[in-house]
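User: I am new to reading protein models and would like to learn how to look at one feature after another. Could you take me through this one slowly?

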Amino acid sequence: MSETTEHDPESDCLFCAIAAGDVDADVVARGERALAFRDINPQAPLHVLVIPVAHHPSVAALAEAAPEVAAELLVLTRSVAEREGYADAYRLVFNTGADVGQSVFHVHAHVLAGRPLSWPPG
């Protein structure tokens with residue numbers, strides 16, 4: 001299987017299933033090639049995941065294979081923050097690899113806001 005694939009119904013990727021509409025999610029925004037939905041285990045008052053509809057395992061793989069989709073994903077993250085009232089204070093997090101907390105290997109941006117977020121994270 002290549003790193004970049006459209007949703008495969010036989011796949012066990014949770015985010016591909018959400019993008020295909022096979023698994024319910026609290027969708028807050030949609031773009032042509034990206035989708036935003038609320039995290040089921042929120043870590044802040046605003047915690048939304050933004051994913052490309054097509055499967056890419058990491059943000060680096062997405063940027064390399066489809067930079068226009070990476071740009072759309074980033075535009076959607078800002079749109080979500082603005083709609084939720086956090087246009088001037090939000091954090092984007094991309095985890096790449098299990099060692100840093102990635103548990104679903106379909107690239108996703110965490111949009112976090114609504115409480116103080118310390119630095120360094122983690």
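User: Let me begin with the strands: through how many residues does a hairpin join β1 to β2?

Analyst: The hairpin joins β1 to β2 through three residues. Before going further, note that this is a predicted model, in which local features need pLDDT of at least 70 and side-chain atom pairs count only at pLDDT 80 or more, while totals for chains, interfaces and linings use all residues. Residues are numbered from 1 along each chain as its sequence is written, and side-chain values use heavy atoms, with hydrogens and water left out. Helices (H or I, at least four residues) and strands (E, at least two) are DSSP runs, numbered from the N terminus.

User: How should I read the pairing of strands, and what is the order of the strands in the sheet?

Analyst: Strands of a sheet pair through backbone hydrogen bonds, either parallel or antiparallel. Here two strands pair if DSSP finds at least two bridges between them. The sheet is open and has five strands in the order β1-β2-β3-β5-β4, with antiparallel pairing. At its edges lie β1 (27-30) and β4 (91-93), each of which pairs on one side only. Between β1 and β2 there are three bridges in the antiparallel sense, and Val-27 stands opposite Phe-37 in β2. Five bridges pair β2 with β3, again antiparallel; Ala-36 stands opposite Val-50 in β3, and Arg-38 has Val-48 as its bridge partner. Moving on, five bridges also join β3 to β5, where His-47 has Leu-112 as its bridge partner.

User: Which residues lie on each side of β3, and are they buried or exposed?

Analyst: In a regular strand the side chains alternate between the two faces of the sheet. In β3, Leu-46, Val-48, Val-50 and Pro-52 lie on one side and His-47, Leu-49 and Ile-51 on the other, and all of them are buried. Buried means under 20% relative accessible area, exposed over 50% and partly exposed in between, with a 1.4 Å probe and protein chains only. As for β2, four of its five residues are buried, so this strand is largely enclosed by the rest of the structure.

User: Which strands does α3 touch where it packs on the sheet?

Analyst: α3 touches β1, β2, β3, β4 and β5, and its direction makes about 160 degrees with that of β3. Contact means heavy atoms within 4.5 Å; axes are lines fitted to C-alpha atoms, for helices over the stretch in contact, and angles run from 0 to 180 degrees between N-to-C directions. An α-helix has 3.6 residues a turn, so residues three or four places apart point the same way. Among the buried residues of α3 are Val-69, Leu-73, Leu-76 and Val-80. Just after α3, Gly-85 takes a positive phi of about 90 degrees.

User: How do I recognise a nonpolar core, and which residues touch the most other members of the largest one?

Analyst: In soluble globular proteins, nonpolar side chains tend to be buried together. A nonpolar core is a set of buried Ala, Val, Leu, Ile, Met, Phe, Trp, Tyr and Cys residues joined through side-chain atoms within 4.5 Å. In the largest core, which has 18 residues, Ala-36, Val-48, Val-50, Leu-62, Leu-76 and Val-111 touch the most other members. Two or more residues come from each of β2 (34-38), β3 (46-52), α3 (67-83) and β5 (109-113), and α3 gives the largest share, six residues. A second, separate core of ten residues includes Cys-13, Cys-16, Ala-19 and Leu-35.

User: How many aromatic pairs are there?

Analyst: Rings of Phe, Tyr and Trp (its six-membered ring) pair if their centres lie within 6.5 Å, and planes under 30 degrees apart count as stacked, over 60 as edge-to-face and the rest as tilted. By this rule there is one aromatic pair. The ring centres of Phe-15 and Phe-37 are 5.5 Å apart and their planes are at 75 degrees, so the pair is edge-to-face. This pair links Phe-15 in helix α1 (residues 14-20) with Phe-37 in strand β2, 22 residues apart. Phe-15 counts as buried at 5% relative accessibility, and Phe-37 is buried with a relative accessible area of 4%.
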